[in-house]
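Please work through the exercises below with the sequence and the model at hand. Each task is followed by a solution in steps.

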Amino acid sequence: MLKPGLISLLLIAYASLYANKTPDPFQPGKIITVTCRADAAQSYALYIPLKGNKEALPVIYCFDPHGDGALPLKKYRALAETYGFLLAGSNNSKNGNDWPTTENIWRNLSEDTRGRLKINGSRVYTCGFSGGAKVASYIALQPPGIAGVIAGGAGLPDGTTAGNFNFSFTAIGGEGDMNLTDLVAIDAGLDRTRTRHRIIIFDGKHEWAPESTMNIAFMGLQLDAIRGGLVPKDNAFIDRSVAKSKARVDMHTKTGALLKAGQECRLALSLFDGLTTETGWFQQKAAALDSNPQYQQQRQAQQALLEKEQISKSLLMQHFEDSDNSYWTTAISKLKTNAAAKTAEGAMNQRLLAYLSLAFYSLSNHLINSNENDAARHFVELYKMADPANSEAWYFSAILHARAHDTQATESDLLKAVENGFRDKPRLLKQPEFKNQSKPIDFYKIESRMQTP
């Protein structure tokens with residue numbers, strides 16, 4: 001017979017075990033912030049579809065380059081409803097973290113969600129944009145397996161080459177994204193492997209993809225699951241998806257955008273392979289395009305434009321150290337004017353502007369960290385000129401104003417940073433330059449302008 005004290009201990013242990021395995025009663029249909037149990041300094045945004053989490057659901061872990069976990073959830077929660085996905089966005093994963101830090105963040109995020117939610121372990125996906133795309137890919141390359149990766153605006157981690165991966169790889173890039181050529185190269189490299197892969201190109205720049213584009217990526221994950229026998233085959237869903245893809249091919253063909261028609265055919269063959277006999281239609285269309293003189297002409301023009309882009313980058317690079325603001329004012333103004341054209345050359349100029357933005361960011365960041373304030377000011381001003389909607393440009397400017405003890409200008413630039421998407425409150429409050437002002441910075445005013453999930 002068990003002693004009363006021992007019975008109590010067993011009851012406590014059972015209650016603890018039951019509590020750890022029972023999902024938290026999170027409210028479906030709302031984006032909420034969840035603090036990790038194992039580390040209160042780590043948190044994530046969570047979205048549960050309206051149908052609830054009564055059964056194990058597929059999950060997509062999202063990684064924003066600025067640690068804004070709620071941002072992709074706001075953009076794609078309608079898709080979570082359509083496909084029945086859980087969405088979780090890390091608030092700690094961001095550009096500048098090293099890989100051990102990333103691994104720690106992923107371990108906490110993964111363990112916390114698995115402990116609180118009912119997750120289909122065979123359908124765990126990662127999705128990221130820019131630096132977050134590299135995080136999404138890095139996680140998938142580590143065991144245990146991730147079923148699929150959606151990489152927007154960037155591809156594999158630096159130094160990683162295309163290989164036979166145990167996950168599907170969906171690359172997404174805007175026509176004006178400075179990393180589009182890298183994504184195209186990765187896609188071409190994966191053509192020589194057994195990895196299921198696809199690339200989706202949209203009319204945009206270096207940014208999270210619009211919902212309509214991400215819908216195709218989510219659809220691809222669903223079709224992969226059907227192909228793999230993880231969910232029942234839904235012929236009506238497949239037929240609707242095929243019809244939409246055919247319509248896009250026909251639209252591009254009628255408007256003379258034959259390169260886009262070819263891209264859509266290749267995308268469709270990856271999406272619908274093994275699921276429908278309609279893949280033959282796309283194969284025939286692709287073959288007809290390959291033998292079309294107009295298509296061949298467009299491909300040659302595209303290659304010439306890519307070569308021109310590389311030459312332009314080299315010329316711009318030569319002026320990083322030996323030109324004053326008058327050169328850059330003219331050069332950037334010309335790029336912006338040319339980027340406004342809805343043409344392939346317009347998209348090239350968008351990519352060149354994005355290239356400058358990244359270059360000015362890197363130079364500004366290095367010089368600020370080295371306390372070379374005068375040189376940093378030069379490149380920060382160029383950064384704001386080339387990419388005025390980038391919050392980092394205004395945040396860097398605020399740091400330099402704070403070092404000059406100009407509180408008014410510091411606050412003004414911080415408000416501009418917030419206006420353009422800055423949301424990192426811990427970074428704001430920890431920044432040493434903002435703490436040592438003769439006139440204190442009004443942090444309340446700045447934080448109050450930040451949107452909350």
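The exercises concern helix packing, burial and backbone angles in this predicted model.

**Exercise 1.** Determine how helices α10 and α12 are oriented towards each other, and list the residues that meet.

*Solution.* Step 1: α10 spans residues 293-318, and its axis comes within 11 Å of the axis of α12, with a crossing of roughly 30 degrees. Step 2: angles under 35 degrees count as roughly parallel, and α10 and α12 are therefore roughly parallel to each other. Step 3: the crossing of these two helices, α10 and α12, is right-handed. Step 4: α10 contributes Leu305, Leu306, Lys308, Glu309, Ser312, Lys313, Leu316 and Met317, which meet Ala344, Glu345, Met348, Arg351, Leu352, Tyr355 and Leu356 of α12. Step 5: sorted by class, the residues of this contact are 9 nonpolar, 1 polar and 5 charged.

**Exercise 2.** Repeat the analysis for helices α8 and α10.

*Solution.* Step 1: the axes of α8 (residues 258-272) and α10 lie 9 Å apart, and the two helices pack at about 95 degrees. Step 2: the range from 65 to 115 degrees counts as roughly perpendicular, so α8 and α10 are roughly perpendicular to each other. Step 3: from α8, Leu258, Leu259 and Arg266 meet Gln294, Tyr295, Gln298, Arg299 and Gln302 of α10. Step 4: the contact of α8 with α10 holds 3 nonpolar, 3 polar and 2 charged residues.

**Exercise 3.** Describe the length of helix α13, its buried residues and the helices they pack against.

*Solution.* Step 1: α13 covers residues 373-386, a run of 14 residues. Step 2: from first to last C-alpha, α13 reaches 20 Å, close to the 20 Å expected at 1.5 Å a residue. Step 3: the buried residues in α13 are Ala376, Phe379, Val380, Leu382, Tyr383, Lys384 and Ala386. Step 4: the buried residues of α13 pack against α11 (325-339), α12 (344-369), α14 (391-403) and α15 (407-419).

**Exercise 4.** Where are asparagine 371 and histidine 405 placed, and is each buried or exposed?

*Solution.* Step 1: asparagine 371 sits in the loop between α12 and α13, while histidine 405 sits in the loop between α14 and α15. Step 2: phi of asparagine 371 is near 60 degrees, a positive value in a residue other than glycine. Phi of histidine 405 is likewise near 60 degrees and positive, again in a residue other than glycine. Step 3: exposed means over 50% relative accessible area. Asparagine 371, at 53% relative accessibility, therefore counts as exposed. Histidine 405, at 52%, also counts as exposed.

Technical notes
Residues are numbered from 1 along each chain as its sequence is written. This is a predicted model: local features need pLDDT of at least 70, side-chain atom pairs count only at pLDDT 80 or more; totals for chains, interfaces and linings use all residues. Side-chain values use heavy atoms; hydrogens and water are left out. Helices (H or I, at least four residues) and strands (E, at least two) are DSSP runs, numbered from the N terminus. The expected span of a helix is 1.5 Å times one less than its number of residues. Buried means under 20% relative accessible area, exposed over 50%, partly exposed in between (1.4 Å probe, protein chains only). Contact means heavy atoms within 4.5 Å. Axes are lines fitted to C-alpha atoms, for helices over the stretch in contact, and angles run from 0 to 180 degrees between N-to-C directions. Angles under 35 degrees count as roughly parallel, over 145 as roughly antiparallel, 65 to 115 as roughly perpendicular and the rest as oblique. A crossing is left-handed if the near helix is turned anticlockwise from the far one by less than a right angle, and right-handed if clockwise. Ala, Val, Leu, Ile, Met, Phe, Trp, Tyr, Cys and Pro count as nonpolar, Asp, Glu, Lys and Arg as charged, and the others, Gly among them, as polar.
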